[in-house]
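User: Please take a close look at one helix of this model and at the surface around it. I should then like to see how the empty spaces elsewhere in the protein are lined.

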Amino acid sequence: GLLAYSTISHLGLIVCLLGIGSPLAVAAAIFHIINHATFKAALFMIAGIIDHETGTRDLRKLSGIWQQLPFTATLTMITAASMAGVPLTNGFISKEMFFTELLGSRSGSTVLFASIIATLAGIFAVSYSIRLVHGVFFDGPVGKQVPNKNAHEPPIGMRAPAILLAILCILVGIFPALL
């Protein structure tokens, strides 16, 4: 549910960019759609991995599974960092483009109001990204409530698509012009 609801804020960011209407804002909107598809697809695949291995994807029932799924936790941290807009990820580049276009679009109280809302949206993106990683992998004792206490890393075939997308999140963040 957290991943699905977080999509709404990213769609709002994209609509705001399209509302600005400048050529660079439209390019930033398209770029963020691609970036969002990259990190969110990986996160939904990771949610499937967690559900497959633990028997649940309910944040209220998961905690402390870092030791059981360390590689999956690392993938989650990379893709959640991209969703939050952490530097050296694709999400950072598109959010930077968003803030640049927003601040350069117009002057006056409209830009001030939109900038405050955009800043709050950015803070919420960091918040729900931290909530996801901390709630699933670090909150509480190891495997405190996990229905399947024998959870382990899935085969590489199940992880490969998420690995590829996580790598893209970083490569686009480091080499945006090249990619």
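Analyst: In this predicted model, isoleucine 156 belongs to helix α6. Its relative accessibility is 53%, so isoleucine 156 counts as exposed, the cut-off for that class being over 50%. Between isoleucine 156 and valine 172 there are 23 Å in space, C-alpha to C-alpha, for a separation of 16 residues in sequence.

Leucine 171 is also placed in helix α6, which covers residues 156-174. Leucine 171 has a relative accessibility of 33% and therefore counts as partly exposed; that class lies between the limits of 20% and 50%. Leucine 171 takes part in a nonpolar surface patch of about 700 Å². The other members of this patch are Leu88, Ile167, Ile174, Phe175, Leu178 and Leu179. A residue must have over 30% relative accessible area to join such a patch, and leucine 171 is at 33%.

The empty spaces come next. Rolling a probe the size of a water molecule over the atoms shows where empty space is left.

The count of cavities of 30 Å³ or more comes to 1. About 80 Å³ of space lies in the largest cavity. The elements that each supply two or more residues to its lining are α1, α4 (90-105) and α5. Helix α5 gives the largest share, 5 residues. The lining consists of Ser9, His10, Leu13, Lys95, Phe98, Phe99, Ala118, Ala121, Gly122, Ala125 and Tyr128. By class, these residues divide into 7 nonpolar, 3 polar and 1 charged.

The largest pocket, an open space, has a volume of about 300 Å³. Two or more lining residues come from each of α1 (2-20), α2 (23-54) and α5 (109-138). For this pocket the largest share of the lining is that of α2, with 5 residues. In total, 16 residues line the largest pocket, and those nearest its centre are Gly1, Leu2, Leu3, Ala47 and Arg57. The lining of the largest pocket has 12 nonpolar residues, along with 2 polar and 2 charged ones.

Taken together, helix α6 holds the exposed isoleucine 156 and the partly exposed leucine 171. Helices α1 and α5 are among the elements that give two or more residues to the lining of the largest cavity, and they are likewise among those that do so for the largest pocket.

Definitions and conventions: Residues numbered from 1 in each chain as written. Predicted model: local features only at pLDDT ≥ 70, side-chain atom pairs only at ≥ 80, totals over all residues. Heavy atoms only, no water. 1 Å grid on protein atoms, 1.4 Å probe; cavity = no way out; pocket = protein on both sides within 12 Å on 5 of 7 lines; lining within 4 Å. Points joined across faces, edges and corners; volume = space filled by probe spheres on them. Helix = DSSP H or I, 4+ residues; strand = E, 2+ residues; numbered from the N terminus. Nonpolar A, V, L, I, M, F, W, Y, C, P; charged D, E, K, R; others polar. Patch = residues over 30% accessible without salt bridge, like charges linked within 9 Å, V, L, I, M, F, W, Y side chains within 5 Å. Areas by Shrake-Rupley, 256 points an atom, 1.4 Å probe, with all protein chains shown as cover. Salt bridge = Lys/Arg side-chain N within 4 Å of Asp/Glu carboxyl O. Buried < 20%, exposed > 50% of the residue type's maximum accessible area, 1.4 Å probe, protein only.
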